[in-house]
Amino acid sequence: PYDMLIVGAGPAGAAAAVYAARKGLRVGLVADRFGGQTLDTLGIENFISVNHTEGPQFARALENHVREYPVDVMAGLRAAQLDGAGEPGALATVTLDNGGQLKARSLVLATGARWRELGVPGEAEYRNKGVAYCPHCDGPLFKGQRVAVVGGGNSGVEAAIDLAGIVKEVTLLEFAPNLKADDVLVKKLQSLPNVTILTHVQTQEVVGQNGKVSGLRYLHRETGESVTLALEGIFVQIGLVPNTEWLKGTLELSRYGEIVVDAKGATSLPGVFAAGDCTTVPFKQIIIATGDGAKAALGAFDALMRMPNP
Ligand code: FAD
């Protein structure tokens, strides 16, 4: 068995692996895709001390760093089930979707999250070519331009307020007749001069020209009228879904499906820690996930020290 088994090899899982290995532990790292969401990212400009890098290059750097240490890397495998240790010092079991089983004295879950997509024509084609999901990451790329934010919940309204300070014009589109965000956010949004709010509209198509976004077509749900907005960017803000479906019923999840963690990354199961975008940690960013992975590994190490010897 492993002293520490890490599930997920994005920024959080990679950081946890390096920290755990440096404690001299027997470490396993099982993941579907090494690098996680960073593999799908174009430019990264907010990982402090690295002025600019590309996602796939960052993912390779994560892997190189982990492979400097004697970590048992099992890539291309998915975890399908978790059975907690029951009592401190006993072994937890992770069952893979190929039927294999891995046992460990402690776990760090770092399975990340995925953005919910609109599923309209043009979205996939123009992803990273005007279609964006993260205002903290890509907002500055649209300085002085026109953008839309799709989604009128808290994250959409926050994104629109944030972007209004950077870009020329923001149009917020919400499917329902009313915005669902907190009142204080809606009032703030309504007070901004360069923001237009459209409710009761359905996004129908991302329109592009010369390989990048040039517009967004939407349907006015009351009148049936179809309108095309001319713009350069579209931020999709209809939800971030944690990759925790496989954990339902085993440990405490928030109502959004995030693993509930405390200040040391501990979950509701003894010996099981979690880090990064799959948890309740606020603000889903690479630098935050990285720090969070280090923290959860140290939290798990701390718990191991208190366990009886195997
Ligand atoms: P992830 O990166 O999601 O990694 C999850 C890991 O778990 C992967 O290895 C995955 O394969 C694995 N996994 C998932 N489920 C299972 C399972 N059941 N079994 C085994 N393995 C599993 N952040 C920034 O700071 N700056 C940016 O510029 C930026 N740009 C972004 C652009 C895009 C297009 C996207 C999608 C995200 C961007 N982000 C950016 C956000 C950033 O990528 C995430 O916050 C960060 O990757 C989260 O790290 P993580 O390790 O928690 O999860």
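Me: What share of the contacts in the protein chain with a separation of 6 or more comes from residues 24 or more positions apart?
Reply: Happy to start there: this is a predicted model, where local features need pLDDT of at least 70, side-chain atom pairs count only at pLDDT 80 or more, and totals for chains, interfaces and linings use all residues. Residues are numbered from 1 along each chain as its sequence is written, while side-chain values use heavy atoms and leave out hydrogens and water. Contact means heavy atoms within 4.5 Å. For residues 24 or more positions apart, the share is 57%.

Me: What is the radius of gyration of the protein chain?
Reply: The protein chain has six helices and 19 strands (DSSP runs numbered from the N terminus: H or I of at least four residues for helices, E of at least two for strands). The globule rule, 2.2 Å times the number of residues to the power 0.38, gives 19 Å for 310 residues, and the chain's value is close to that, so it is as compact as a globular protein of that length. Taken over C-alpha atoms, the radius of gyration is 21 Å.

Me: Which classes make up the shell around the ligand?
Reply: In all, 33 residues surround the ligand, each with a heavy atom within 4 Å of it. Ala, Val, Leu, Ile, Met, Phe, Trp, Tyr, Cys and Pro count as nonpolar, Asp, Glu, Lys and Arg as charged, and the others, Gly among them, as polar. By class, the shell has 14 nonpolar, 13 polar and six charged residues.

Me: How much of the ligand's 1000 Å² does the protein bury?
Reply: Let's begin with the atom pairs: an oxygen atom of the ligand lies 3.2 Å from a backbone N or O atom of proline 11, and a ligand nitrogen atom is 3.4 Å from a side-chain N or O atom of arginine 78. A polar backbone atom of isoleucine 286 is 2.8 Å from an oxygen atom of the ligand. Taken alone, the ligand exposes 1000 Å² (Shrake-Rupley method, 1.4 Å probe), and the part buried by the protein is 97%.

Me: Is threonine 290 buried or exposed?
Reply: Threonine 290 sits in helix α6. Beyond its neighbours within four places in sequence, threonine 290 is in contact with Pro11, Ala12, Ala15 and Phe47. Its relative accessible area is 19%, and buried means under 20%, exposed over 50% and partly exposed in between (1.4 Å probe, protein chains only), so threonine 290 is buried.

How values were computed
Polar contact = N/O pair within 3.5 Å; in protein donor to acceptor, adjacent residues only side chain to side chain.
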